[in-house]
Amino acid sequence: MTRFGEAQLATKRNLNEAVMFAAKELFVMVYRKLLVVFTLCWMLTACGGGSSHGGKQSVLVTPSLGKMTQVRIDIYKADGEAHLGSATISGEGHIAVSIGRYQGPVLAKLTALENATYFDEALGAFVQLEEGTTLHAIAGDASSLAITPLTELAYHLALIHDLFPLDESAVGMVNNTIRMVFAPYVNSILSAPTLLGDAGVGNLAEDEHGNYALTLAALALIAEGDESGRPAVATLTALTQDIVDGRIDGRAHDEEIANIPYSSFSADFNAALDEAASR
């Protein structure tokens, strides 16, 4: 599979250098954002929190660890606080959330409800997702988006660099940073991945959706033997702790992180990609 070979070559690059370079770029962006804040507020509806002059619209949201059930989706304006709309996903795997006439960057938040489940690619089965578990995604004026471990990492980068209220350029920079580090062979981390665990899904196609699903499967496989019984969640939890200082090195601000499921993320991720592809 040519795409997967290219992906492995790309992920063998130094992940720490990629994230640290992105951090410098984000710092420059924050500085520029402060200089042109009034211009941005005029150009983008997000700063003023206003509505567009168009008709009502909705955002199609597809969450995946694989497929997730019994989760609530909330959409917020660029400040991350003003609520636009919500909807609950039962078994369909995705949902359209009405946001009225608002146009501009959004924050999407997933919250696990009672009896929430997700399909863990490492286990090949649906497992219980702890009630109250949250995942996020940030998007610039999107009509559709995914919520995945990669969008959660992008959300954490946005928090680290104090990018709220969001503007479209900052959202693009953060999302693309995570894409380049973890999934250079997909076009956008906001694309909807193929939902492993869905009854209609057999083999993964070698396309945007299948390649994204492969990445998520590999992340789960990294923690395949985790004692929690939720490998995908275990890897994500470790990565959100690890990325807090802009490096993926098993440490947070020079302190070792306990019980992480990888020794060298780059090497372990490449091995997991091989295994996921072979499966």
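Tutor: Start with residue classes. Ala, Val, Leu, Ile, Met, Phe, Trp, Tyr, Cys and Pro count as nonpolar; Asp, Glu, Lys and Arg count as charged; the others, Gly among them, count as polar. The model here is predicted.

Student: What makes the lining of the largest cavity 4 nonpolar, 3 polar and 1 charged?

Tutor: Sort the residues. The lining consists of Gln 57, Ile 99, Tyr 102, Gln 103, Gly 104, Val 106, Asp 141 and Ala 142. Ile 99, Tyr 102, Val 106 and Ala 142 fall under nonpolar. Gln 57, Gln 103 and Gly 104 fall under polar. Asp 141 is charged. That gives the split of 4, 3 and 1.

Student: How many cavities of 30 Å³ or more does the search find?

Tutor: It finds 1 in the whole structure. The space in the largest cavity is about 30 Å³.

Student: Which residues lie nearest the centre of the largest pocket?

Tutor: Leu 196, Leu 204, Ala 217, Ala 276 and Arg 279, out of 20 lining residues. H7 and helix H9 (265-278) are the elements that give two or more residues to this lining. H7 has the largest share, 3 residues. By class, the lining holds 14 nonpolar, 4 polar and 2 charged residues. The pocket volume is about 400 Å³.

Student: Why is the pair of Asp 198 and Lys 67 called a salt bridge?

Tutor: The cut-off is 4 Å between a side-chain nitrogen of Lys or Arg and a carboxyl oxygen of Asp or Glu. Here the closest N and O atoms are 2.8 Å apart. The value is within 4 Å, so the pair qualifies. Side chains of opposite charge can pair when their charged atoms come close.

Student: What makes this pair a link between distant parts of the chain?

Tutor: Asp 198 and Lys 67 are 131 residues apart. Asp 198 is in the loop between helix H6 (168-182) and helix H7 (208-222). Lys 67 is in the loop between strand S1 (57-63) and strand S2 (68-76).

Student: Why is Lys 67 called buried, and why is Asp 198 called partly exposed?

Tutor: Buried means under 20% relative accessible area, and exposed means over 50%. Lys 67 has 9%, so it is buried. Asp 198 has 27%, which lies in between, so it is partly exposed.

Student: How do you know that Asp 74 and Arg 72 form a salt bridge?

Tutor: Their N to O distance is 2.8 Å. That is within 4 Å, so the rule is met. Asp 74, at 5%, is buried. Arg 72, at 30%, is partly exposed.

Student: What makes Asp 245 and Arg 247 part of a network?

Tutor: Shared partners. Arg 247 and Asp 245 meet at 3.5 Å, N to O, which is within 4 Å and therefore a salt bridge. Salt bridges that share partners join Asp 245, Arg 247, Asp 249 and Asp 254 into one network. Asp 245 counts as buried at 16%. Arg 247 counts as partly exposed at 23%. The count of salt bridges comes to 5.

Student: How do you know that Asp 120 is buried?

Tutor: Its relative accessibility is 0%. That is under 20%, so buried is the right word. Asp 120 lies in strand S5 (residues 106-120). Beyond four places away in sequence, Asp 120 touches Ala 125, Val 127, Ala 220, Arg 230, Pro 231 and Ala 232.

Student: Why is the approach of Asp 120 to Tyr 118 called a polar contact?

Tutor: The side chains come to 2.4 Å. The cut-off is 3.5 Å, so the distance passes.

Key. Residues numbered from 1 in each chain as written. Predicted model: local features only at pLDDT ≥ 70, side-chain atom pairs only at ≥ 80, totals over all residues. Heavy atoms only, no water. 1 Å grid on protein atoms, 1.4 Å probe; cavity = no way out; pocket = protein on both sides within 12 Å on 5 of 7 lines; lining within 4 Å. Points joined across faces, edges and corners; volume = space filled by probe spheres on them. Helix = DSSP H or I, 4+ residues; strand = E, 2+ residues; numbered from the N terminus. Buried < 20%, exposed > 50% of the residue type's maximum accessible area, 1.4 Å probe, protein only. Polar contact = N/O pair within 3.5 Å; in protein donor to acceptor, adjacent residues only side chain to side chain. Contact = heavy atoms within 4.5 Å.
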